[in-house]
Each structure stands twice: as C-alpha cells, then as structure tokens.
Amino acid sequence: MRIGVLALQGAFIEHRHMLEALGVESFEIRQKSHIPTAFDGLILPGGESTTMGKLLRELELFDPIQTLIKGGLPVFGTCAGLLLLAKEIANDDKRHLATMDIRAKRNAYGRQLGSFHTRAEFKGLGEIPMTFIRAPYVETLWDGTEPLAEVDGKIVAARQGRQLVTAFHPELDDDLSVHGYFLGMVTGSE
C-alpha cells in the first residue's frame, strides 16, 4: 500500500510518521510530476486552506487531484484538508476541491488562542485524543455523509464514501486509530 501526502504546507511530515508507525509506505506530493500513475490513498494535511488552495492551482495539482478523488481515490483531510474537500464554507466564499457534501465553518473555535485538546468518542474507535488548532467544524452534512465524532455538539469528523475528514489533528497525538481507520477505508475493511 502507498499513500500520497500533499506536502505543500502544514503538518504533512507528521502524517508520514503516523503511516510509517503503521508500516505503510508514503510519499510527498509537491508538484504534478509527483503524482504516480497508481497509488492507494491521499492525505490532505492541516495548514492554511487558502494558501494550499492557491498552491494547488498554481502548481497544476488541482485538476488531477480533484479528478482522482471524484474517481474514488480514498482521501483523508485534516483541519485545512477538511476545508479543501468541503463543497461549502460558511464564512468564506472560496471553494477548493469541493468533493465532499459538507458545509464547514473555518476558524470556528477562534484563532490560535482558541486551540485546545480533548478526548471524545469517534464512531467505531471509542474515545480518542483530539487536538484542535484554529479548527473548523462541519456545520451541515448532506445525504450520504455520516458524522463520526462530535465535540460540544459540533461535528468534528465525518465520512462520505471514500472521503474522511477531521477538524482535529490526529497526526499530533500518539494514537494511531484514526489513521488506521483511514487505511481500513483504503483496503475496504472499513
């Protein structure tokens, strides 16, 4: 199994460490030529969604990545990655890949000072650690999109088919379960 990690900006190396701990090969995608003809899944890390969206277009990564996701490539977006996948962003007119039937709210918990750590239930995984940094949350989801975790009544993880999003950063904790869940999506066991 080979998982690509978008490496334009943000916490991409931490995702690679999680995959390595799970015994899975990963590689970085920084330009169009880094997208191989065949790989098994894609992680869109946290960072700054506006910057990442701009770089996706400038580096001609936008169309091939959107096409792969629409074609069924499993994808996991954390924090900014959630915003890249959202079809709607409540407090931003920008749209990025827009492949997932969710409406998100960016910086929903405030700026850097609104960052926090908690533990909450994640469907099928039990209680897990969750680290939120300038995090969004999912305001609305449409048919076919399932909420997987909530914190204070806000949806912070969701799944639609082969797309998974978390508002929190599982790559910043030692718990491998969310990455394991994603790999289960890749293999078809989840």
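## A cavity, a pocket, two helices and some salt bridges

The largest cavity in this structure has a lining of five nonpolar, one polar and two charged residues. The model you are looking at is a predicted one, so please read everything below as computed from its atoms.

### Empty space inside and at the surface

Let us stay with that cavity for a moment. How many cavities of 30 Å³ or more does a search of the whole structure find? There is one. The space in the largest cavity comes to about 40 Å³. Its lining is made by Ile128, Pro129, Phe168, Pro170, Asp173, Asp175, Ser177 and Val178. Two elements give two or more residues each to this lining: strand S8 (126-132) and helix H5 (177-187).

The structure also has pockets to explore. In the largest pocket there is about 180 Å³ of space. Its lining counts 15 residues, and those that lie nearest the centre are Gly47, Glu48, Cys79, Ile133 and Arg134. By class, five residues of this lining are nonpolar, seven are polar and three are charged.

### Helix H1 and what covers it

Next comes helix H1, which spans residues 12-21. Which residues of H1 are buried? They are Phe12, His15, Met18 and Leu19. These residues cover an arc of only 115° around the axis, and therefore sit on the same side of H1. A general point helps here: an α-helix has 3.6 residues a turn, so residues three or four places apart point the same way.

On the face of H1 turned away from the buried side you will find Glu20 and Ala21, both exposed. The buried residues of H1 are covered by a set of elements that includes strand S1 (2-6), strand S2 (25-29), strand S3 (41-44), strand S4 (75-78) and H5. H5 is thus a name to remember, as this helix also gives two or more residues to the lining of the largest cavity. After H1 comes Gly23, with a positive phi near 75°.

### Helix H3 and the glycine that follows

Helix H3 (62-70) can be read in a similar way. Its buried residues are Phe62, Ile65, Gln66 and Ile69. Viewed down the axis of H3, they fall within an arc of 100°, so they line one face of the helix. The exposed residues Asp63 and Thr67 are carried by the face turned away from that buried side. Among the elements that cover the buried residues of H3 are S1, S3, helix H2 (49-58), S4, helix H4 (80-85) and strand S12 (163-166).

Where does Gly72 lie? Its place is in the loop between H3 and S4. Gly72 has a positive phi of about 110°, just after H3. With a relative accessibility of 24%, Gly72 counts as partly exposed. Gly72 also shows how the chain brings together residues that are far apart in sequence: Gln163 is 91 residues away along the chain, yet the two C-alpha atoms are 8.6 Å apart in space.

### Salt bridges

How many salt bridges does the structure hold? The count is 10. Three of them are set out here, with the distance between N and O atoms.

| Pair | N to O distance |
|---|---|
| Glu25 and Arg2 | 3.0 Å |
| Glu28 and Arg30 | 2.8 Å |
| Asp101 and Lys87 | 2.6 Å |

The bridge between Asp101 and Lys87 joins two strands. Asp101 is in strand S6 (residues 100-105) and Lys87 in strand S5 (residues 86-89), so the pair ties together parts that are 14 residues apart in sequence. Is Asp101 buried or exposed? Its relative accessibility is 17%, so Asp101 counts as buried. Lys87, at 36%, counts as partly exposed.

Glu25 and Arg2 form a salt bridge as well. This pair links distant parts of the chain, with Glu25 in strand S2 and Arg2 in strand S1, 23 residues apart. Both strands were met above among the elements that cover the buried residues of H1. Glu25 is partly exposed, with a relative accessible area of 43%, and Arg2 is partly exposed too, with 29%.

The bridge between Glu28 and Arg30 belongs to a network, in which salt bridges link Arg16, Glu28 and Arg30. Arg30 has a relative accessibility of 38% and counts as partly exposed.

How values were computed: Residues are numbered from 1 along each chain as its sequence is written. This is a predicted model: local features need pLDDT of at least 70, side-chain atom pairs count only at pLDDT 80 or more; totals for chains, interfaces and linings use all residues. Side-chain values use heavy atoms; hydrogens and water are left out. On a 1 Å grid over the protein atoms alone, a cavity is a set of points where a 1.4 Å probe fits but cannot get out, and a pocket is an open set with protein on both sides within 12 Å along at least five of seven lines; lining residues have an atom within 4 Å of a point. Grid points are joined across faces, edges and corners, and a volume is the space filled by probe spheres set on the points. Ala, Val, Leu, Ile, Met, Phe, Trp, Tyr, Cys and Pro count as nonpolar, Asp, Glu, Lys and Arg as charged, and the others, Gly among them, as polar. Helices (H or I, at least four residues) and strands (E, at least two) are DSSP runs, numbered from the N terminus. Buried means under 20% relative accessible area, exposed over 50%, partly exposed in between (1.4 Å probe, protein chains only). The arc is that of the directions from the helix axis to the C-beta atoms. Contact means heavy atoms within 4.5 Å. A salt bridge is a side-chain nitrogen of Lys or Arg within 4 Å of a carboxyl oxygen of Asp or Glu.
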